[in-house]
Amino acid sequence: MQLQYAISQGISQALHATFDLPVDASQISLQPTRKEFAGSFTFVTFPYTKQTGKGPEQIGEILGTYLKEHTAEVKNFNVVKGFLNLEIEEAVWVRLFRELMQDETYGQAAASDKNVMVEYSSPNTNKPLHLGHLRNNFLGYSVSEIMKANGHRVMKANLVNDRGIHICKSMLAYQKMGNGETPESSGMKGDHLAGKYYVLFDKAYKEQIDELVATGMDKEEAKKKAPLILEAQEMLQKWEQGDEAVVSLWKQMNSWVYAGFDKTYRNIGVNFDKYYYESETYTLGKERVEEGLQKGVFYKKPDGSVWVDLTEDGLDEKLLLRSDGTSVYITQDLGTAELKYNDFPYDQSVYVVADEQNYHFHVLKAVLKKLGKPYAEGIYHLSYGMVDLPSGKMKSREGTVVDADELVQEMIDTARQQTEELGKIEGFTAEEAQQLYHTLAMGALKYFLLKVDPKKRMLFNPQESIDFRGNTGPFIQYTHARISAILRKAAEMGIGVEATSFDNFETLHEAEQDVITLLANYPEVVLEAGKLFAPSVIANYAYELAKAYNRFYQEISIFNETDDQARNFRIALSAMVARFVRKSMALLGIEVPERM
């Protein structure tokens, strides 16, 4: 931002002129001034007390006086303790606004040489996506878009958990109870059909455990000896041996599930550049385990299982291969990490996975380091908190999962109800109205799940999320629709939004200046969101911008303004807010409507 740099240069000159301190402008840090004080930029003086031999307030007064006299951009200043708050000349804001108008790519960083792979979604093929998956998908998609806005080359990856004991549970239950049921014959999406049999397995398995416990067997022993779990383990071994019947059933059920997933992904507006499948990566993982044994960094126990000792890394001993030769999650991840790096030599590999797996990713990074892999340092776990509903935590095995498809449909129904009650669909065709309900529903859902810091566990309230007031997606979407209506009216009146239409305008209201300040801050917001892997930073920005615009709209007339220059400026300002609302919401994967 050129204005910020000009202020930093002014402070650099002031420090040199008043205190003989050579501080480069690039080392000057400015903050937005807090709302309760006059000013746009704040410079903290505390760090310079020792070098100048002055108190922080005294430094602020001396620098402020110099800047007011020698820096064209500074109109006035005030000092609060060790904080120098700088007010900027109105003409400077208008000039800055003109520059923003002419820069279509403002906020898009220059291309970097950094490769970032973002792995998200990572569903299991034994059940449909649930509410937790929604937070995962929205986080992964948004972080990918934010990384692109920071100039990086990005690949969106989806690692599908398509093998393992949990998949065999669904397959075994279908084999025993399915009677040839298909998605077509049942009228169910394929992922829901697989999930149905996962729940049925668990129910029957628990009954077997209870029967064994009733005979006097210890519960933990019963869990291992129940016939169903033994059959599922046998099925997994057969699958790894390539048994034709087992592999055929596996392929058939997975194909149903993939069709179901694709429909959900399209509906929630996320996509992927590359799919990986654990069935294709676990053998490579086994090769890495063998490599570790040869290098002497892994060891084998008498029962044949393979382990790694990570006690020096502050962790513990970790199983890498079971005694029967079957792989565990970490085995697959060793193979997948290598495969991903070969496909897309990443500087950073971001795993969007719930915080329940924090330990797992510490282990993965440590194991890759022991193997001497060049990509080990790039492993980054974007850990996020679980999502709860007022009814409590979800448990998919018990069939009480909050299904993603059902929740999205519920949100669409709620959007329809709210929109019809508020009368916001006049003149819409049935198809346009349906599209609006979907846009509002997804805006409400995505924004509510993304506005919270990823690391925090959160409570999702569907009704609260779709409110048209407050810190919600629909409030921001409605602001965009309101501006679109203003721009349509301006076009009907023959008023353009070119910078030349307000050539001689220089007198700003405070509300207009606040809006321009937020527009100008957009690149810093994108940069911070990228550094923190936090879409919440973008969400908060979009809300603050919409809120500032609504304040401007309430306080200052647009079309009743008698000064054509002022009116034209306000229409142009409105257009710029719409542009930046679209930009910021797009980084969250949220569409904004033109009409409501």
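In the predicted model, a salt bridge joins Lys295 to Glu291, with 2.9 Å between the closest N and O atoms. Both residues belong to helix α12 (residues 278-295), where they are four residues apart, about one turn of the helix. The two partners differ in exposure: Lys295 is partly exposed, with a relative accessible area of 48%, whereas Glu291 is buried, with a relative accessible area of 14%. The pair is part of a network in which salt bridges with shared partners join Arg288, Glu291, Lys295, Glu338 and Lys373.

Two further salt bridges link separate elements of the chain. The side chains of Glu145 and Lys156 form one of them, at 2.8 Å from N to O. Glu145 is located in helix α5 (residues 131-149) and Lys156 in strand β6 (residues 153-160), so this contact ties together parts that are 11 residues apart in sequence. Both Glu145 and Lys156 are buried. In the other, Glu240 is paired with Arg163, and their closest N and O atoms are 2.5 Å apart. Because Glu240 lies in helix α10 (residues 227-240) and Arg163 in the loop between β6 and α6 (165-177), the pair ties together parts that are 77 residues apart in sequence. Arg163 has a relative accessible area of 4% and is therefore classed as buried, the limit being under 20%.

Over the whole structure, 33 salt bridges were found. The protein chain carries 66 positive and 84 negative side chains, and the centres of these two sets are 3 Å apart. A negative patch on the surface comprises Asp309, Glu312, Asp316 and Glu317. Within this patch, Glu312 is located in the loop between β9 (306-309) and β10 (317-321). With a relative accessible area of 75%, Glu312 is exposed, because the limit for that class is over 50%.

The secondary structure of the protein chain consists of 22 helices and 14 strands. The C-alpha trace spans about 90 × 65 × 45 Å along its principal axes. Of the 596 residues, 56% are counted as buried. Among contacts with a separation of 6 or more, 73% are between residues 24 or more positions apart. The accessible surface of the protein chain is about 26,700 Å², and carbon and sulfur atoms contribute 47% of this area.

Notes. Residues numbered from 1 in each chain as written. Predicted model: local features only at pLDDT ≥ 70, side-chain atom pairs only at ≥ 80, totals over all residues. Heavy atoms only, no water. Patch = residues over 30% accessible without salt bridge, like charges linked within 9 Å, V, L, I, M, F, W, Y side chains within 5 Å. Areas by Shrake-Rupley, 256 points an atom, 1.4 Å probe, with all protein chains shown as cover. Salt bridge = Lys/Arg side-chain N within 4 Å of Asp/Glu carboxyl O. Lys, Arg positive; Asp, Glu negative; His and termini not counted. Charge placed at Lys NZ, Arg CZ, Asp CG, Glu CD. Helix = DSSP H or I, 4+ residues; strand = E, 2+ residues; numbered from the N terminus. Buried < 20%, exposed > 50% of the residue type's maximum accessible area, 1.4 Å probe, protein only. Contact = heavy atoms within 4.5 Å.
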